[in-house]
Amino acid sequence: MAIIEIRPFRNGWQAYERAGVQPVFLLQKNAISYAQCRACFRSGEIRILDCDGAVERAIPFNEADRKL
């Protein structure tokens, strides 16, 4: 199960997948879009965190929901 976190980072949003894979985007929607592309063919969750580190929203994904 993959977990990708979208968290505030300086003046943007960081999509944290694992150490070394953590690009930063200016807009939150761009970070979410990136995470959705990285999540293809896997199952897991995209977690959107607030500035305190609490989960603000979670977007589940799995292989069954994929459209070919």
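**Exercise 1.** Starting from arginine 18, which at 46% relative accessibility counts as partly exposed, work out which residues are linked with Arg18 in a network of salt bridges.

*Solution.* The model is predicted, so that local features need pLDDT of at least 70 and side-chain atom pairs count only at pLDDT 80 or more, while totals for chains, interfaces and linings use all residues. Residues are numbered from 1 along each chain as its sequence is written, and side-chain values use heavy atoms, with hydrogens and water left out.

Step 1. Buried means under 20% relative accessible area, exposed over 50%, and partly exposed in between, for a 1.4 Å probe and protein chains only. Glutamate 17, at 13%, is therefore buried, whereas arginine 38, at 34%, is partly exposed.

Step 2. A salt bridge requires a side-chain nitrogen of Lys or Arg within 4 Å of a carboxyl oxygen of Asp or Glu. Arginine 18 and glutamate 17 meet in one at 3.9 Å, N to O, and glutamate 17 also pairs with arginine 38 at 2.9 Å. Because glutamate 17 lies in the loop between β2 and β3 (24-25) and arginine 38 in helix α1, this second pair ties together parts that are 21 residues apart in sequence; helices (H or I, at least four residues) and strands (E, at least two) are DSSP runs numbered from the N terminus.

Step 3. The network thus links Glu17, Arg18 and Arg38.

**Exercise 2.** Find the salt-bridge partner of arginine 47 and state whether that partner is buried or exposed.

*Solution.* Arginine 47 bridges to glutamate 45, with closest N and O atoms 2.6 Å apart. Glutamate 45 has a relative accessible area of 19% and is buried, while arginine 47, at 25%, is partly exposed.
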